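Colleague: Could you take me through one part of this model slowly? I would like a close look at the largest cavity and what lines it, and then a word on the aromatic rings.

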Amino acid sequence: MKKFLATICAAILLIVSGCGNQIQTVPPLPGTLPNILTAPNAVDTDIYFDATVSMKGFTTLAAGNVYLTLPDLLGDMCGSMGTVKFFGFGANIRPLDGRSYRQFTTPDVYVEAITAVANVVDAANTDHLSIIVTDLFESDSDWSNVTQKLRDKFFANHLAVAVIGIKNSFYGDIFDVGLNAAKFHYNSWDDPNRFRPFYLLVMGRDNVVKNFLRKFNERQTLPNDTGYLLLSENLTETAADFSNFKLEEQENFYSDDTLGLDNRVKEFGLDNFNEPASFIFSWQYEPPLGACPLDLSQVDTFLEIFSVTGEEWTPIESNDLRVSLMKIDKRPSNFFVKVALTPEKSLAEGKLNFVRAKVMPTALGYKLPPWVELWSVNVDASAKIFDGSKTLNLTRILGSLKDSVFMASRPALMNIDFIVTP
């Protein structure tokens with residue numbers, strides 16, 4: 001009897017230790033998980049003020065002037081998040097000591113002749129939040145160079161770029177307009193319809209940039225027209241993954257938690273490997289401040305399935321995985337999402353399988369916010385007048401940035417990551 005009990009105990013111990021080994025030896029999931037959208041407790045900020053003569057006009061009128069309060073606003077707001085450093089730039093970048101950044105409220109400091117935003121992008125620390133205050137003018141009209149640098153340094157590394165445009169009173173000169181590089185004198189008076197925009201180019205980690213936009217919007221108390229544009233691979237305010245999905249129905253799948261996975265990844269078991277399997281979850285689309293408007297009838301799906309071989313995930317070449325979005329009547333931001341597959345056609349039998357499905361807007365479904373076109377003006381070489389209340393080629397500049405994030409790091413509407421256990 002003692003031998004029998006010892007044998008049973010040994011078998012139980014073997015089973016338990018075997019399960020423990022299975023849990024401990026699950027390899028890291030292939031690729032990267034969706035970014036966690038919670039902002040960190042502290043972040044350092046570098047603020048770069050464009051000191052070229054084209055910015056002087058924003059400092060000369062008192063009425064409707066947000067620009068004059070901007071150095072203190074940014075210093076106070078970003079100082080509450082971490083260490084702040086200020087810089088001035090034209091062709092080169094110069095650090096500012098103490099509270100000398102307040103000099104940007106006076107017209108005398110704007111003496112630089114060349115604007116080189118590209119040099120600031122080169123110097124930006126991707127571990128910090130970087131903010132460039134500018135009118136989006138670039139010497140030699142070389143915004144294609146700026147866009148290329150932002151794509152390679154930020155978008156390709158899963159970072160975000162945002163643009164905040166603010167209409168401000170302006171009295172001064174506007175330079176290099178059109179092919180003949182004309183100069184125009186412009187006075188907005190105190191008429192908000194004539195105010196000229198300046199911009200904050202905000203660069204950094206996705207969660208940090210989104211957090212800054214929210215805080216800045218909360219602190220904007222003056223009625224000046226303000227536009228927001230967020231360019232990020234994450235198109236939602238809250239994580240669009242299983243940490244926020246609500247399972248509604250399951251067919252031939254059952255929920256499991258044997259592996260103790262990250263809550264962004266769901267674990268399922270199968271009732272029958274030879275029968276079709278599917279699940280349906282509900283999800284609410286919450287666009288963040290500045291998000292590009294989406295046409296959710298224009299979406300693509302990127303599908304991958306892997307199985308464990310030894311200590312590695314091996315891609316499965318063919319599958320019949322399908323993802324369908326279904327709108328919920330009378331709730332335009334709410335969806336049912338159905339995921340279906342046939343296990344014997346899509347999974348490796350007797351192994352752990354990892355399924356990744358990304359739902360992404362197509363190029364036609366990913367658009368600029370309407371304010372961008374309203375604030376943009378194109379000028380031909382023969383132009384005799386210039387509408388100073390608008391920005392030259394703004395649609396082309398920001399459209400190029402939008403296309404860059406789309407090509408470098410395809411924005412995802414949702415990430416459906418799950419493991420199917422044997």
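Modeller: Here is a walk through the cavity, followed by the rings. Please keep in mind that this is a predicted model. Rolling a probe the size of a water molecule over the atoms shows where empty space is left. In this structure there are three cavities of 30 Å³ or more, and the largest of them holds about 240 Å³ of space. Its lining is made up of 18 residues, and those closest to the centre are Leu136, Phe137, Glu138, Asp176 and Leu392. Three elements each give two or more residues to this lining: strand E6 (171–177), strand E20 (391–392) and helix H8 (394–408). Strand E6 gives the most, with four residues. Sorted by class, the lining has nine nonpolar, four polar and five charged residues.

Now for the rings. The structure holds 33 aromatic pairs. One of them joins Phe253 and Phe418 edge-to-face, with 6.2 Å from centre to centre and 80 degrees between the planes. This pair links distant parts of the chain, since Phe253 is in strand E11 and Phe418 is in strand E21, 165 residues apart. Phe253 counts as buried because its relative accessibility is 5%, under the 20% cut-off. Phe418 is also buried, at 0%.

Elsewhere, ring pairs link a cluster that includes Phe49, Tyr101, Phe170 and Phe198. Phe170 has a charged neighbour too: Arg196 lies over its face, 5.6 Å from the ring centre. In a similar way, the charged end of Lys167 sits over the ring of Trp375, 4.8 Å from its centre.

Note on methods: Residues numbered from 1 in each chain as written. Predicted model: local features only at pLDDT ≥ 70, side-chain atom pairs only at ≥ 80, totals over all residues. Heavy atoms only, no water. 1 Å grid on protein atoms, 1.4 Å probe; cavity = no way out; pocket = protein on both sides within 12 Å on 5 of 7 lines; lining within 4 Å. Points joined across faces, edges and corners; volume = space filled by probe spheres on them. Nonpolar A, V, L, I, M, F, W, Y, C, P; charged D, E, K, R; others polar. Phe/Tyr/Trp six-rings, centres within 6.5 Å; stacked < 30°, edge-to-face > 60°. Buried < 20%, exposed > 50% of the residue type's maximum accessible area, 1.4 Å probe, protein only. Lys NZ or Arg CZ within 6 Å of the ring centre and 35° of its normal.
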